Amino acid sequence: MQSVELIRDGEKDLFKLRLKGCSEKAVMGMPLLRLNKHHDSKKGIIEFEFLVKPLEIIKKNYIEYKLEVIYNLKQLPSSPRGIKVIAENNADIILL
């Protein structure tokens, strides 16, 4: 994962996560963000996993992924104070 950006514009319950990542010698795929249902909500941090679902068997030397997802805070478990995104090799936390 190269970057995570949280965007809140106007509507107080909605926010957008903008993610960017890359893989070397990877299979072509669809980037997705999956809510980790086993996170510790007592700390107020909602965890997501930044994954790539393979679509083709063809391998590439370098692939860059971009993903934008809009969430409603009312539909997330607990009242989050922050968002944690976990990728294969790293993670990042953004406070709300």
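This is a short walk through the structure, one selection at a time.

**The whole chain**

Start with everything shown, and keep in mind that this is a predicted model. Switch to a cartoon view: you'll find 5 strands and 0 helices, so to speak a plain β-β-β-β-β when you read along the sequence. The C-alpha trace spans about 40 × 30 × 20 Å along its principal axes. Turn on a contact view if you have one: among contacts with a separation of 6 or more, 64% come from residues 24 or more positions apart.

**The surface**

Now show the surface. About 6700 Å² is exposed, and carbon and sulfur atoms supply 49% of that. Colour by charge next: there are 17 positive and 13 negative charges, and their mean positions are 3 Å apart. Of the 96 residues in the protein, 34% are buried.

**The nonpolar core**

Hide the surface and head inside. Which residues touch the most other members of the largest nonpolar core? Select Leu 17, Leu 19, Leu 33 and Phe 50; those are the ones, in a core of 22 residues. Now colour the strands that give two or more residues to this core: E1 (3-7), E2 (14-35), E3 (45-72) and E4 (82-86). E3 gives the most, with 8 residues. As background, nonpolar side chains in soluble globular proteins tend to be buried together.

Zoom in on Leu 19 and show what it touches. Leaving out residues up to four places away in sequence, its contacts include Leu 33 and Phe 50, along with Val 4, Leu 67 and Val 85. Met 1, Ser 3, Tyr 65 and Lys 66 complete that list.

**One step along: Lys 20**

Move to Lys 20, which sits in strand E2. Is Lys 20 buried or partly exposed? With a relative accessible area of 30%, Lys 20 is partly exposed, because buried would need a value under 20%. Beyond residues up to four places away in sequence, Lys 20 touches Met 1, Gln 2, Ser 3, Phe 50, Glu 64, Tyr 65 and Lys 66. Try a distance too: the C-alpha atoms of Lys 20 and Glu 5 are separated by 9.0 Å, with their positions 15 residues apart along the chain.

**The aromatic rings**

For the last stop, look for ring pairs; the count comes to 2 aromatic pairs. One of them is Phe 48 with Tyr 71, a tilted pair at 4.9 Å centre to centre with 45 degrees between the planes. Both of these residues are buried. Add Phe 15 to your selection, and you have one aromatic cluster made of Phe 15, Phe 48 and Tyr 71.

Technical notes
Residues are numbered from 1 along each chain as its sequence is written. This is a predicted model: local features need pLDDT of at least 70, side-chain atom pairs count only at pLDDT 80 or more; totals for chains, interfaces and linings use all residues. Side-chain values use heavy atoms; hydrogens and water are left out. Helices (H or I, at least four residues) and strands (E, at least two) are DSSP runs, numbered from the N terminus. Buried means under 20% relative accessible area, exposed over 50%, partly exposed in between (1.4 Å probe, protein chains only). Contact means heavy atoms within 4.5 Å. Accessible areas come from the Shrake-Rupley method with a 1.4 Å probe; for residues, only the protein chains shown count as cover. Lys and Arg count as positive and Asp and Glu as negative; His and the chain ends are not counted. The place of a charge is taken as NZ of Lys, CZ of Arg, CG of Asp or CD of Glu. Rings of Phe, Tyr and Trp (its six-membered ring) pair if their centres lie within 6.5 Å; planes under 30 degrees apart count as stacked, over 60 as edge-to-face and the rest as tilted. A nonpolar core is a set of buried Ala, Val, Leu, Ile, Met, Phe, Trp, Tyr and Cys residues joined through side-chain atoms within 4.5 Å.
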